[in-house]
Each structure stands twice: as structure tokens, then as C-alpha cells.
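Here's a quick briefing to read alongside the model. Have a look at the structure first, then we'll go through the cysteines, the ligand site and the domains.

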Amino acid sequence: MSDQAKLQTGGESYEFPELSGTCGPDVVDIRKLYAKTGQFTYDPGFTSTASCESGLTFIDGEEGVLLHRGYPIGQLAEESSFMEVAYLLLNKELPNQGELDDFIYTITRHTMVHDQLRQFYQGFRRDAHPMAIMCGVVGALSAFYHDSTDISDPEQRKIASHRLIAKMPTIAAMAYKYAVGQPFLQPKNDLSYTGNFLRMTFGVPAEEYEVIPAVEKAMDRIFILHADHEQNASTSTVRLAGSSGANPFACTAAGIACLWGPAHGGANEAALNMLHEIGTPDKIPHYIERAKDKNDPFRLMGFGHRVYKNYDPRATVMQKTVREVFEALDVKDPVFETALQLEEIALNDPYFQEKKLFPNVDFYSGIILSAIGFPTTMFTALFALARTVGWVAQWNEMISDPGQKIGRPRQLYTGPTQRDYVSIDKR
Ligand code: SDX
């Protein structure tokens with residue numbers, strides 16, 4: 001018998017079961033609240049709401065802990081690969097060598113896109129934001145792969161999942177190529193997932209592209225850090241879209257649209273733009289004061305998080321990766337110094353301490369991506385590329401739950417009560 005949470009309302013007393021997970025906060029199961037009390041809960045922004053049960057990713061915001069199927073993000077970032085993490089998220093366990101080889105073989109052979117899909121790019125302006133292209137092209141995938149849109153068929157779910165994970169690098173690289181006016185490059189099956197992406201992005205037909213191992217490793221690690229993150233806004237969007245029975249390509253396009261926002265995945269682009277706007281460290285105090293000013297909409301982009309009230313463990317790995325990439329490419333970027341000093345000043349400022357605002361995954365990622373050669377407009381597209389693994393894994397977890405229902409929140413209505421229509425000559 002589970003513990004019961006008691007609620008007194010309307011002169012009545014009610015009990016609701018308390019449920020415990022393997023770790024993290026217990027939940028009060030209020031699924032019968034409306035039927036019993038005629039009342040809804042009220043939680044705009046879902047600050048205290050568990051929307052689902054999941055075994056994929058666990059975050060302890062107070063301790064700065066992030067686990068994927070129980071494995072700490074720091075270990076996965078150091079020891080694993082993006083393809084292995086993708087397998088883990090999709091299949092619950094780390095693969096053995098044979099399982100990993102088979103998975104990589106399958107993903108590799110889905111990296112090509114339908115040749116007609118290339119024509120979609122011609123419809124965009126050359127200066128279209130890559131996220132606008134990703135929304136459109138990924139949503140259009142469902143028009144090409146009718147043989148993998150029956151979500152009730154586990155085999156079709158599997159093929160669609162593999163297609164999405166495999167084709168995102170190709171689609172993202174094509175968005176970049178279209179923006180810079182260079183020809184698209186086809187994937188090469190003898191390259192790694194990440195090496196293939198780097199070549200399709202930065203390679204040119206006139207010469208062989210040499211994948212730099214340190215850059216490939218850094219990029220692969222960045223993909224790992226962005227793979228999944230519990231029920232964030234874009235993942236919740238994918239789950240909500242999927243709950244209606246929409247096909248996984250459409251659900252992923254919905255996730256891309258949500259991720260684009262500067263409060264979410266768009267923060268990596270906004271953070272680097274902010275660092276460039278700040279310019280030199282002597283300007284930092286002015287921007288810190290602006291971030292604290294309630295009348296100023298300016299916020300420190302790449303700082304703060306709904307869940308982490310401690311250091312985002314991904315930011316720790318990201319900062320370390322900046323140094324590795326700078327050393328490998330022998331680059332120096334004064335903006336990194338500005339970022340380090342901004343972090344130092346902010347973390348010692350009472351405002352940021354009191355509100356528990358720490359750098360998040362987006363604070364340093366832009367510096368690395370910029371050093372590798374990506375324009376800021378591509379940063380969120382890279383986030384979407386990596387997060388597709390999490391979206392697909394979360395979607396599969398939801399769809400394979402026989403008890404899942406369409407998501408349909410209610411509201412606190414504060415509009416007019418019923419009134420009669422007034423003809424226009426009487427208004
Ligand atoms: C991602 O959810 C996820 O897991 C997301 C993500 C993932 O992997 O999927 O981790 C990826 O989206 C990371 C977050 C990227 N966004 C940014 O870096 C944008 C800047 N950060 C903020 O917009 C904000 O911190 C959020 C959106 C991230 C979190 O917002 P919350 O939880 O709704 O918190 P809040 O806006 O209510 O802020 C609490 C207080 C507020 O002050 P008060 O109204 O209480 O006085 O802190 C202040 C805010 O004004 N605050 C900031 C701030 N972030 C919050 N003040 C200055 N600079 C900031 N960055």
C-alpha cells in the first residue's frame with residue numbers, strides 16, 4: 001500500500017497515492033483529483049509537475065547530477081561515443097561490441113536523404129535561418145517515408161527512429177552548405193557518424209576532407225552532452241505531439257521548433273552573440289547590472305536553468321573541451337577569456353548566488369563551435385541534431401507504454417462569463 005497524500009478542500013478531506021521512483025522526488029498521483037474534487041491543479045510552466053514516468057535520464061538539480069540510464073554524463077562524455085549513448089538511450093543498456101557495430105552499420109546506411117529532398121532547400125532564401133530549414137525539411141520527411149509512419153508497428157518505429165538519427169547530420173550539413181552556396185556532399189560510409197557530419201559540412205568536392213581527430217572527438221562529445229535531458233520543453237513538445245498519434249518525423253519537427261527559442265536551445269547562439277556584444281572583460285560589470293535590473297529584459301544567456309540550481313555538469317565538460325579544441329586548432333579567442341571572467345564575476349555576485357544561477361550547457365558550447373568553424377546560426381541546429389536521439393528515445397518510451405493517453409491539459413479560466421451576442425448596429 002503506497003503512502004497517501006492528504007488534501008483538505010471544500011470542507012472535505014481527500015487522499016491521493018504517493019509514488020516513488022528509483023531516485024529523485026516522490027510524486028503525488030493526482031490523476032483522479034478532478035473526478036474526486038471537481039478542481040484542477042494549477043502549475044503554469046510545470047515547475048512542480050511530473051508529466052510522465054521515464055527511465056531514460058535523471059537530473060538532480062541541487063547536486064548537479066545528470067545520468068543517462070544510470071550512467072553519469074561526465075563518464076559518458078569521457079569514455080563513450082555519441083553512437084554508443086544513442087544505443088544506450090534507445091535500448092536501456094550499453095551495447096557489446098557486436099551490438100554497437102550493428103547499430104553503427106544500420107545508422108550509417110540511413111544517412112543518405114531522398115534525392116528529391118534536396119529540392120526543398122531551393123525553396124528557401126540563402127539567408128534562411130538553419131532552424132527554419134530544419135523545421136521544414138524534417139517535417140517533410142514524413143512525405144518520403146510512408147513505410148515507417150505506422151506507430152503501432154514496432155518495426156516501423158525502429159526504422160523511423162534510425163532514419164531520424166541518421167539523417168539529421170545530413171540535413172543539418174545541407175542547411176549549412178545551402179547558406180554558404182557550396183554544393184551538398186553525400187555521406188561517406190567509411191567515416192564515423194560525427195566525422196561524416198564534419199566532412200559533409202566543411203568538405204568541398206575539389207579536395208579530400210581530412211577529419212581532425214581532436215575536433216571529431218570534441219564534436220562527438222558535444223553531441224553526447226546534448227543528447228537528452230529529461231522532460232525539457234522540446235522533449236515535452238515531442239511527447240505531446242506524439243501522444244496524438246502523429247508520426248515521429250512530424251513530432252521531431254515540433255521539437256525542433258520548440259528548441260529554437262532563446263530560452264531553450266536558441267541560448268547557445270544568443271550566448272555567443274552576448275559575449276561578442278560584451279566584447280572586453282571591462283564591460284562585464286555593466287552587463288551584470290543589466291541582467292539584474294528587473295526593468296531591463298537583458299538576461300545572461302547561457303546562465304540559469306529550471307532544474308539545475310547548481311553547476312550544470314555539462315558546462316563543466318564543455319569548458320574543459322574549449323581548452324582541448326583551442327590547443328588542437330592552435331586558436332585563441334578573446335571571447336573565451338571574457339566568458340571565463342563573466343562566469344567568475346557572476347558566480348561571486350549575490351544576485352546570481354541567491355537565485356542559484358550557474359552557467360548551463362549553452363554558455364561555452366558556442367565558443368567551441370565557433371572555433372571549429374560553425375557560424376552562430378548553426379549552433380541550435382547542432383543542438384537539434386544531437387537532441388534528436390533523446391527525442392526519439394523519449395517518443396519510443398511513450399509510444400510503447402500501453403497506458404499512454406493523449407496529452408490534454410486544462411486551465412484556470414478568467415475570461416468573460418456567458419453573455420448574449422449583440423448585433424453590430426447596437427454596439
Ligand atoms: C536549455 O530544461 C532543460 O533541460 C533545457 C536544457 C536542455 O538540455 O534541454 O538544459 C537546455 O534550454 C538550457 C537553458 C538555456 N537558456 C538560457 O541560458 C537563457 C537564459 N536563462 C533564463 O532564461 C532562465 O534561466 C531559464 C529559461 C533557463 C530558466 O527559467 P526559469 O526556470 O523559468 O527561471 P526564471 O526565469 O523564473 O528565473 C528565476 C529568477 C528570475 O528572477 P525573479 O523573477 O525570481 O526575480 O532568476 C532570474 C529571473 O529573472 N534569472 C536570470 C537569468 N535566469 C533567470 N537573471 C539573469 N540572467 C539569467 N540568465
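How far is the sulfur of C52 from the closest cysteine sulfur? It's 14 Å from the one in C251, which is too far for a bond. Bear in mind that this is a predicted model, where local features need pLDDT of at least 70, side-chain atom pairs count only at pLDDT 80 or more, and totals for chains, interfaces and linings use all residues. Residues are numbered from 1 along each chain as its sequence is written, and side-chain values use heavy atoms, with hydrogens and water left out.

**Cysteines**
- Searching the whole structure turns up 0 disulfides (a disulfide being a pair of cysteine sulfur atoms within 2.5 Å).
- C251 is in no disulfide either, and its nearest cysteine sulfur, in C258, sits 13 Å away.
- C52 is partly exposed at 27% relative accessibility, whereas C251 is buried at 1% (buried is under 20% relative accessible area, exposed over 50%, partly exposed in between, with a 1.4 Å probe and protein chains only).

**Ligand site**
- The ligand has 24 residues around it (each with a heavy atom within 4 Å of it), and the closest are H229, L300, H305, R306 and R314.
- Sorted by class, that shell holds 10 nonpolar, 7 polar and 7 charged residues.
- Two side chains put an N or O atom by a ligand oxygen: R314 at 2.7 Å and K355, through a polar atom, at 3.0 Å.
- From the backbone, an N or O atom of A263 is 2.9 Å from a ligand nitrogen.
- On its own the ligand exposes 1000 Å², and the protein buries 77% of that (Shrake-Rupley areas, 1.4 Å probe).

**Domains**
- An automatic or database assignment splits the protein into domain 1 (4-50) and domain 2 (51-404).
- Their C-alpha centres are 34 Å apart.
- Across the boundary, 7 residues of domain 1 are in contact with 4 residues of domain 2 (contact means heavy atoms within 4.5 Å).

Conventions. Polar contact = N/O pair within 3.5 Å; in protein donor to acceptor, adjacent residues only side chain to side chain. Nonpolar A, V, L, I, M, F, W, Y, C, P; charged D, E, K, R; others polar.
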